[in-house]
Structures are given as C-alpha cells and as structure tokens.
Amino acid sequence: MASSEQHICTICNDDGVSNLAVSWCTECEVFLCGDCEKPHSKSRLSRNHKTMSAEDYQKLPTFIQEISSKCRDHKKKFELYCSYHVCPCCVQCVTDKHKKCQEMKTLSGVLQQVKSSASVQLLEKI
Ligand SMILES: [Zn+2]
Ligand SMILES: [Zn+2]
Ligand SMILES: [Zn+2]
Ligand SMILES: [Zn+2]
C-alpha cells in the first residue's frame, strides 16, 4: 500500500495527546496505543474484542477505513454502503446521489463481514 499513514490512538487523542496507535479494535472501532491496549484487553467489557494491528488495518479496503470518519460533503456519519458505487454514504448522500442504487447495504453489516474475514486472515497467519 502506497500510503504509510500513521494512526493516532483514539482514546489519547480525546485527551489531546497524540500517541501512535499500535492496534485497532474491530468492536469499538477505535485505535489503541500501547498504553491503552493493555487496559482494553483486561477490561471485562472489552477483553473479548478482536483487535488487529494498525498495520493490518492499513490493508483493509479504504471504505472500511473511511467508516469511522464523517462524510466530507455532508459532515454526517456514514451509515450505508453502496455496492454499485463502491463507497460509504451518509443518509444525505443516499438522497442526493444514490436514489437509483439498488444495492444499498448497512455499513454495520458490511463491517461485520470484513471483521470476520479479517479475523480469518489473522488466523491463517498464525
Ligand atoms: Zn492511548
Ligand atoms: Zn474494543
Ligand atoms: Zn454525505
Ligand atoms: Zn450508489
């Protein structure tokens, strides 16, 4: 992959600290640095969460990486995925650009698929 973009820990970033992320939690959809990863993997609420390395995250399809961001045109959260245009869309995009698109999927459903396939890939590596 051409981009070697570094990701910043989402949790630390909320506190105004820019720590480099080492992993990404597929459940919380947040980046974790080394310091935040430990409590996350120990906490009763999140210890069963599947995480992948920030490196593996880079290899995910771009639209998955865009899910956690907002629609640039409408500043709304992406909620749907158009398989015809191969792009994530917010509710406004759907009304604007994807009215005739038949194959709109919910992002959570698509993400679920990617999550399970990502974990299969991880398992294969091991
Ligand atoms: Zn952190
Ligand atoms: Zn998590
Ligand atoms: Zn939009
Ligand atoms: Zn479309």
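A nonpolar core is a set of buried Ala, Val, Leu, Ile, Met, Phe, Trp, Tyr and Cys residues joined through side-chain atoms within 4.5 Å. The legends below use the term in that sense, and every view shows a predicted model.

**View 1. The largest nonpolar core has 21 residues.** W24, L60 and I64 have the most contacts inside this core. Three elements give two or more residues to the core: α4 (62-67), β4 (80-82) and α6 (107-125). Of the elements, α6 gives the most, with 4 residues. Domain 1 (1-59) and domain 2 (61-126) both contribute, so the core lies between them. In soluble globular proteins, nonpolar side chains tend to be buried together.

**View 2. W24 and its contacts.** Leaving aside residues up to four places away in sequence, W24 touches E29, V30, F31, K50, T51, M52, Y57 and L60. L60 joins W24 among the residues with the most contacts inside the largest core. A second, separate core is made of 7 residues. Among its members are C9, C25, L32 and C33.

**View 3. E55 on helix α3.** Helix α3 spans residues 54-59, and E55 lies in it. Is E55 buried or exposed? E55 counts as exposed, because its relative accessibility is 60%. E55 and W24 are 31 residues apart in sequence. Their C-alpha atoms are 9.2 Å apart in space.

**View 4. The zinc ion (ligand 1) has four cysteine donors, C9, C12, C33 and C36.** Each protein donor contributes its SG atom. The donors lie 2.2 to 2.3 Å from the zinc ion. Angles among the 4 donor atoms run from 107 to 114°, and the site is tetrahedral. Along the chain, the donors follow the spacing C-x2-C-x20-C-x2-C. C12 sits in helix α1 (residues 10-14) and C36 in helix α2 (residues 34-42). This pair, 24 residues apart, links distant parts of the chain. Both C12 and C36 are buried. C33 is buried too, because its relative accessible area is 3%. C9 and C33 are also included in the second core of 7 residues.

**View 5. The zinc ion (ligand 3) is held by C71, H74, C90 and C93.** The cysteines donate through SG and H74 through ND1. Donor distances are 1.9 to 2.3 Å. What is the arrangement of the 4 donor atoms around this ion? Their angles of 104 to 121° make the arrangement tetrahedral. The sequence spacing of the donors is C-x2-H-x15-C-x2-C. H74 lies in the loop between α4 and β4, while C93 lies in helix α5 (residues 91-97), so the pair ties together parts that are 19 residues apart in sequence. C93 counts as buried, because its relative accessibility is 3%.

**View 6. The zinc ion (ligand 4) is coordinated by C82, H85, H98 and C101.** C82 and C101 use SG, and H85 and H98 use ND1. Coordination distances are 1.9 to 2.3 Å. The 4 donor atoms subtend angles of 102 to 118°, which makes the arrangement tetrahedral. The donor residues are spaced C-x2-H-x12-H-x2-C in sequence. Which accessibility class does each of C82, H85 and C101 fall into? C82 counts as buried, because its relative accessibility is 0%. C101 is buried as well, with a relative accessible area of 13%. H85 is partly exposed, because its relative accessible area is 39%.

**View 7. K75 has a positive phi.** Most residues other than glycine have a negative phi, and most peptide bonds are trans. Phi of K75 is about 60°, although K75 is not a glycine. K75 is placed in the loop between α4 and β4. H74, a donor of the zinc ion (ligand 3), lies in the loop between α4 and β4 as well. K75 counts as exposed, because its relative accessibility is 61%.

**View 8. V86 also has a positive phi.** The value is near 50°, in a residue other than glycine. V86 lies in the loop between β4 and β5 (87-89). At 53% relative accessibility, V86 counts as exposed, because the cut-off for exposed is over 50%.

Technical notes: Residues numbered from 1 in each chain as written. Chains lettered and ligands numbered in written order. Predicted model: local features only at pLDDT ≥ 70, side-chain atom pairs only at ≥ 80, totals over all residues. Heavy atoms only, no water. Buried < 20%, exposed > 50% of the residue type's maximum accessible area, 1.4 Å probe, protein only. Domains from an automatic or database assignment. Contact = heavy atoms within 4.5 Å. Donors = N, O, S within 2.8 Å, 3.2 Å for Na, K, Ca; no water. Tetrahedral: all angles 85-135°; square planar, octahedral: opposite > 155°, others 65-115°.
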